[in-house]
Amino acid sequence: MRVCTTKHHDGAGVSGGAGVAKKLNGYVGFSNYPNQQHRRSIKRGFNFTMMVVGESGLGKTTLINTLFESKVYPAADNGGDGSPRGAASPVVPPAGVDITSVSADIVESGVKLRLSVVDTPGFGDAINNDEAWRPILENIESRFDAYLAQENRVNRSKIVDNRVNALLYFIKPTGHGLRAVDIEFMKSLHSRVNLIPIIARADTLTPREVEQFKAKVLADINYHGIQIFKPVSDQFDDPETVADNRAIAAKIPFAVVGSDRLVERADGTKVRGRSYPWGVIEVENEDHNDFVALRQMLLRTHTEELRDETDVALYESYRTQKLLALGHVQDGTVFREFSPRARQEEEDRVHAAKMHKLETEMAAVFKQKVQEKEDKLKKSEEELHSRHKQMKAMLEKQRHDLDEKKARFAQSDAPAVAAAAAAAAAAGASYTDPAQRAALKDKDKKKNRFF
Ligand SMILES: Nc1nc2c(ncn2[C@@H]2O[C@H](COP(=O)(O)OP(=O)(O)OP(=O)(O)O)[C@@H](O)[C@H]2O)c(=O)[nH]1
Ligand SMILES: [Mg+2]
């Protein structure tokens, strides 16, 4: 048993998740998962929708009934006698493609299959077959639309899936390759449905003609870039499956013979086939035609692959185109694949953006604060300046007043002041002279020494 773990590193040197294979020592139990799936599938059953397209009388109805070994599709569209519609009423002009669907519940070994067959009688029967593919394309797309509408409902527990899983396109066994109507049809439909080309009524060609016709059809398909459904193998397939897939793919386009009648072989046994004067063509004989390979691919080996391809590739691309056309925009974060490195980078980016925003905001706040402080300082400077001016003016005025007073005083009291000054000078003349004052001081000191 092998386990695949995905390591997630936070470091920058890791490129995405690396798968590390480990061996388990004991039994865990999840190897039982396919059995659980199997039980669930049996309980629910399968839905499979097949569409058959091709000119009248190419054996579409017969082939469907041959595939399921029952009259899945009533022969009513043949007028009940099994003759082709166009052949039965050649004078009645075809009234366009008449798309009808029949469903049948088929049970085999306890497995339920809800098979729906969509028949398209009338395709290619008109004289002018331009755009004969359009009603069929519209039918396929309307089934996608119905599924899309159900998906968008609030309650999705009971989704009915009527999407076409396989389209069997019946090619007329002309021996000359594809006709214009075939090419136009396949090119218009190949992006919406799993195309399975079929060479109808292969018993009307010799084995050599069948091989040559197949080569011509394949060359035309490749030349026109038409995509058809092909079984492909992958690494999980065992060698037997790979060989089977290769064998089935080698038979495309399937040259088939259909018959809903039993015919008697030379040995007296009865088989499903067609009887000719020269012998019997057996439907289920791989040497006679490719019916078995077709049935195997459709109902035994590739049913799920056809369903999966319809769901994951064809429907998905239709859905995307439709939603984009309706103006929906894809939210990149929803469906993006998870990558630890990408997430780390995203987080770093968000963080850096946040830091940058914070820094810008802080710088703006700082600038604003500085501006406010500057304004305040300027204002107080102006106030100081004006106060200084006022004070200066006041002092100037005081000085002026004093000067005036002094002048007035000097004028009015000058003689008295002069006399007083003279008297004062007479009384203390010796004291006014510093040399005399120092001598007196000295004299006093000497006097004090004796006492
Ligand atoms: N030779 C031959 N005849 C076939 C084959 N398959 C069907 N037929 C016959 O062809 C006739 C028409 O077959 P249908 O299955 O009704 O053809 P269809 O394609 O369903 O025709 P519409 O329903 O009219 O579109 C019937 O008589 C069939 O028996 C075949 O592989 N080979
Ligand atoms: Mg029919």
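Angles here run from 0 to 180 degrees between N-to-C directions, along axes that are lines fitted to C-alpha atoms. The model shown in these views is predicted.

**View 1. Helix 5 lies across two strands.** Helix 5, which spans residues 180-189, lies across strand 6 (166-171) and strand 7 (195-199), and helix 5 runs at about 170° to strand 6.

**View 2. Six strands form an open sheet with mixed pairing.** The order of the strands in this sheet is 4-5-3-6-7-8, and its edge strands, each of which pairs on one side only, are strand 4 (100-108) and strand 8 (254-255). Strand 4 runs antiparallel to strand 5 (residues 111-119), and nine bridges join the two; Val107, for example, has Lys112 in strand 5 as its bridge partner.

**View 3. Three strands form an open sheet with antiparallel pairing.** Here the order is 9-10-11, with strand 9 (262-264) and strand 11 (279-282) as the edge strands that each pair on one side only, while the twist from one strand to the next averages 65°. Strand 9 is joined by three bridges to strand 10 (residues 270-276), the two running antiparallel, and Leu262 stands opposite Arg272 in strand 10.

**View 4. Helix 4 packs against helix 9.** The axes of helix 4 (residues 134-151) and helix 9 (residues 303-325) are 11 Å apart and meet the description of packing at an angle of about 75°, and the two helices are therefore roughly perpendicular to each other. In this contact, Glu141, Phe144, Tyr147 and Leu148 of helix 4 meet Tyr315, Tyr318, Arg319 and Lys322 of helix 9, a set of residues that divides into five nonpolar, no polar and three charged.

Notes: Residues numbered from 1 in each chain as written. Chains lettered and ligands numbered in written order. Predicted model: local features only at pLDDT ≥ 70, side-chain atom pairs only at ≥ 80, totals over all residues. Helix = DSSP H or I, 4+ residues; strand = E, 2+ residues; numbered from the N terminus. Parallel < 35°, antiparallel > 145°, perpendicular 65-115°, else oblique. Contact = placed C-beta atoms within 7 Å. Nonpolar A, V, L, I, M, F, W, Y, C, P; charged D, E, K, R; others polar. Pairing = 2+ DSSP bridges.
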